[in-house]
Amino acid sequence: QVQLVESGGGSVQPGGSLRLSCEASGNIRSINDMGWYRQAPGKQRESVATITSGGYTSYLDFVKDRFIISRDNAKNTVYLQMSTLKPEDTAVYYCNAEIRSSRYLPARSYWGQGTQVTVSS
């Protein structure tokens, strides 16, 4: 089994910063892409940032220049450093990882349980 455990969410005032972490554990042979998604009330889940195993990153336009995604392959962990937060960033943030557990099977997509980020004065 594979688990993704997120941490680092919370409440912050506009202009503040938060750092999210997501550690993958369990039967892991390799991890391909990792990413962060978010879902605000009444809205669809959207991709915020992704990072490949080689470190190539991509971002939602709204968060470019404010968020930074990174990963520590030795720790099977992905991070999201969020700065200059805005009320529109309020959402439940989920991490996602494409994980291969066996050399004989393709990678599967796994999700974390979600962590709440609230930006409000």
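Which strand does Thr115 lie in? Thr115 belongs to strand 11, which covers residues 115–119; strands here are DSSP runs (E, at least two residues), numbered from the N terminus. The views below come from a predicted model, in which local features need pLDDT of at least 70, side-chain atom pairs count only at pLDDT 80 or more, and totals for chains, interfaces and linings use all residues. Residues are numbered from 1 along each chain as its sequence is written, and side-chain values use heavy atoms, with hydrogens and water left out.

**View 1. Thr115 and its neighbours in strand 11.**
Let's start with the residue from the opening question. Thr115 has a relative accessibility of 11%, so it counts as buried (under 20% is buried, over 50% exposed and in between partly exposed, with a 1.4 Å probe and protein chains only). Setting aside neighbours within four places in sequence, find the contacts of Thr115 (heavy atoms within 4.5 Å): they are Glu6, Gly9, Leu20, Ala91, Val92 and Tyr93. Now look for Gly42, which is 73 residues from Thr115 in sequence. In space, the C-alpha atoms of Thr115 and Gly42 are 17 Å apart.

**View 2. Gly9, in the loop between strand 1 and strand 2.**
Strand 1 spans residues 2–7 and strand 2 spans residues 10–12, with Gly9 in the loop that joins them. Is Gly9 buried, partly exposed or exposed? Its relative accessibility is 31%, so Gly9 counts as partly exposed. Beyond residues up to four places away in sequence, Gly9 touches Leu20, Thr115, Gln116 and Val117. You met one of these in the previous view: Thr115 has Gly9 among its own contacts. Thr118 is another residue to find here, 109 residues from Gly9 in sequence but 8.1 Å away in space, C-alpha to C-alpha.

**View 3. An open sheet of four strands.**
Follow the order 1-3-8-7 across this sheet, and you will find antiparallel pairing (strands pair if DSSP finds at least two bridges between them). Strand 1 and strand 7 (67–72) are the edge strands, each pairing on one side only. Begin with strand 1, which is joined to strand 3 by six bridges in the antiparallel sense. Here Val5 stands opposite Glu23 of strand 3. Moving on, strand 3 (residues 18–26) pairs with strand 8 (residues 77–82), again antiparallel and over six bridges. To find your place in that pair, look for Leu18 and its bridge partner in strand 8, Met82.

**View 4. Strand 7 and the hairpin it forms with strand 8.**
Which residues of strand 7 make up its covered face, and which its uncovered one? Phe67, Ile69 and Arg71 belong to the covered face, while Ile68, Ser70 and Asp72 belong to the uncovered one. Strand 7 and strand 8 run antiparallel and are joined by six bridges. From the uncovered face, pick out Ser70, which stands opposite Tyr79 in strand 8. Then trace the hairpin itself: four residues lie between the two strands, and Asn76 takes a positive phi near 55°.

**View 5. Positive phi values at Asp65 and Thr84.**
Most residues other than glycine have a negative phi. Asp65, however, has a positive phi, near 75°. You can find Asp65 in the loop between strand 6 (57–59) and strand 7. With a relative accessible area of 83%, Asp65 is exposed. Asp65 and Ser83 are 18 residues apart in sequence, and their C-alpha atoms are 8.7 Å apart in space. Now turn to Thr84, whose phi is also positive, near 45°. Where does Thr84 sit? Its place is in the loop between strand 8 and strand 9 (91–100). The relative accessible area of Thr84 is 44%, so Thr84 is partly exposed.
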